[in-house]
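I opened the model to look up its strands, its core and its ligand shells. These are my notes, in the order in which I made them.

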Amino acid sequence: MRKIPKHSRLRPKNKTKVRDYSPHHPNPCRGCSECCEYVALEIDTPTSMEDFDNIFWFLLHEHTWVYINEDGEWYLQFDTKCTKLKRKRCTYYEQRPQMCRDHHPAECVTHGKEPTEKIMLKNEEDLWEYLHYQRPVLYKKMVKKYGLDK
Ligand code: SF4
Ligand code: SF4
């Protein structure tokens with residue numbers, strides 16, 4: 001797994017609250033805590049059967065998704081709230097990690113106008129579908145290995 005990249009906190013899901021960002025707004029985060037409710041880490045682009053075996057395993061876990069962003073980079077996302085988030089407010093603001101300090105609302109999912117993800121895999125069915133259309137040779141191997149009925 002690679003180091004956490006600069007924009008790893010961009011959240012691809014539940015993009016329902018798009019609103020304009022204004023640098024003049026006194027609190028552009030008011031009422032929002034989206035970016036404190038997940039962890040997303042960039043992973044190596046899967047190429048082999050073993051790599052996709054691992055993604056299969058990731059996706060069998062609760063609150064765990066895999067997505068590909070617009071640049072073709074792969075991310076593993078865990079939906080899990082920060083323990084310092086209470087009633088949508090950070091209770092640890094002065095001590096908050098650098099990751100939190102670097103994250104700017106101008107580039108967050110709430111204010112962004114474009115979807116962050118290109119492809120979202122939320123479960124094994126999504127993975128089979130992705131492989132079926134994008135990696136048919138690997139898909140056939142998966143069908144054989146796991147006895148898929150597609
Ligand atoms: S940075 Fe964006 S996603 Fe995070 S709390 Fe502020 S408005 Fe919400
Ligand atoms: S420390 Fe504060 S700003 Fe950082 S993720 Fe937790 S609640 Fe959010």
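**Sheet, core and ligand shells**

I began inside the sheet, where I68 has I119 as its bridge partner in β6. The model is a predicted one, so I kept to its confidence limits: local features need pLDDT of at least 70.

**Entry 1: neighbours of β2.** I followed β2 to both of its partners. On one side, β2 and β6 run antiparallel and are joined by four bridges. On the other, β2 pairs with β3, again antiparallel, over five bridges. I68 turns up here as well, standing opposite W74 in β3. I then looked at how the chain gets from β2 to β3. The two strands form a hairpin with four residues between them. In that turn I noted G72, which has a positive phi of about 80 degrees.

**Entry 2: neighbours of β3.** Strand β3 covers residues 74-78. Besides β2, I found β1 (residues 39-43) paired with β3 in the antiparallel sense, over five bridges. Two positions fix the register for me: E42 stands opposite Y75, and L41 has L76 as its bridge partner. I also asked which residues of β3 lie on its covered face. They are Y75 and Q77, while W74, L76 and F78 lie on the uncovered face.

**Entry 3: the whole sheet.** I put the pairs together. The sheet is open and has four strands in the order β1-β3-β2-β6, with antiparallel pairing. I asked why β1 and β6 each have one side without a neighbour in the sheet. Both stand at the edges and have a single partner strand each, so one side of each is left free of a neighbour in the sheet. From one strand to the next, the twist averages 25 degrees. I then looked for a helix against this sheet and found α1 (residues 49-59), which packs on the sheet and touches β2, β3 and β6. The direction of α1 makes about 130 degrees with that of β2.

**Entry 4: the chain overall.** I counted elements next. The protein has four helices and six strands. Along the sequence they follow the pattern β-α-β-β-β-β-α-β-α-α. I checked burial over the protein: of its 150 residues, 13% count as buried. I also checked contacts between residues at least 6 apart in sequence, and 72% of these join residues at least 24 apart.

**Entry 5: the core.** I looked up the largest nonpolar core and found eleven residues: Y38, A40, W65, V66, Y67, Y75, L121, L127, L131, Y139 and M142. The elements that give two or more residues to this core are β2 (64-69), α3 and α4 (136-146). β2 gives the most, with three residues. As background, nonpolar side chains tend to be buried together in soluble globular proteins.

**Entry 6: L131.** I picked one core residue to follow up. L131 is found in helix α3, which covers residues 124-134. Is L131 buried or exposed? L131 has 24 other C-beta atoms within 10 Å, and the cut-off for a buried residue is 20 or more, so L131 is buried. Leaving out residues up to four places away in sequence, I listed its contacts: L131 touches F52, L138, Y139 and M142. For M142 I looked up the separation from L131, which is eleven residues in sequence and 8.9 Å in space, C-alpha to C-alpha. I then looked from Y139, with the same exclusion, and found that Y139 touches L131 and H132.

**Entry 7: the ligand shells.** I turned last to the ligands. Around ligand 1 I found P28, C29, C32, S33, E34, C35, H103, P105, C108, V109, T110 and H111. That shell divides into seven nonpolar, four polar and one charged residue. Around ligand 2 I found C36, C82, K84, L85, C90, Y92, R96 and C100. Here the division is six nonpolar, no polar and two charged.

Technical notes
Residues numbered from 1 in each chain as written. Chains lettered and ligands numbered in written order. Near = placed C-beta within 6 Å. Nonpolar A, V, L, I, M, F, W, Y, C, P; charged D, E, K, R; others polar. Buried ≥ 20, exposed ≤ 12 C-beta atoms within 10 Å, placed from the backbone. Contact = placed C-beta atoms within 7 Å. Core = buried A, V, L, I, M, F, W, Y, C linked by C-beta atoms within 7 Å. Pairing = 2+ DSSP bridges. Axes fitted to C-alpha atoms, helices over the stretch in contact; angles between N-to-C directions.
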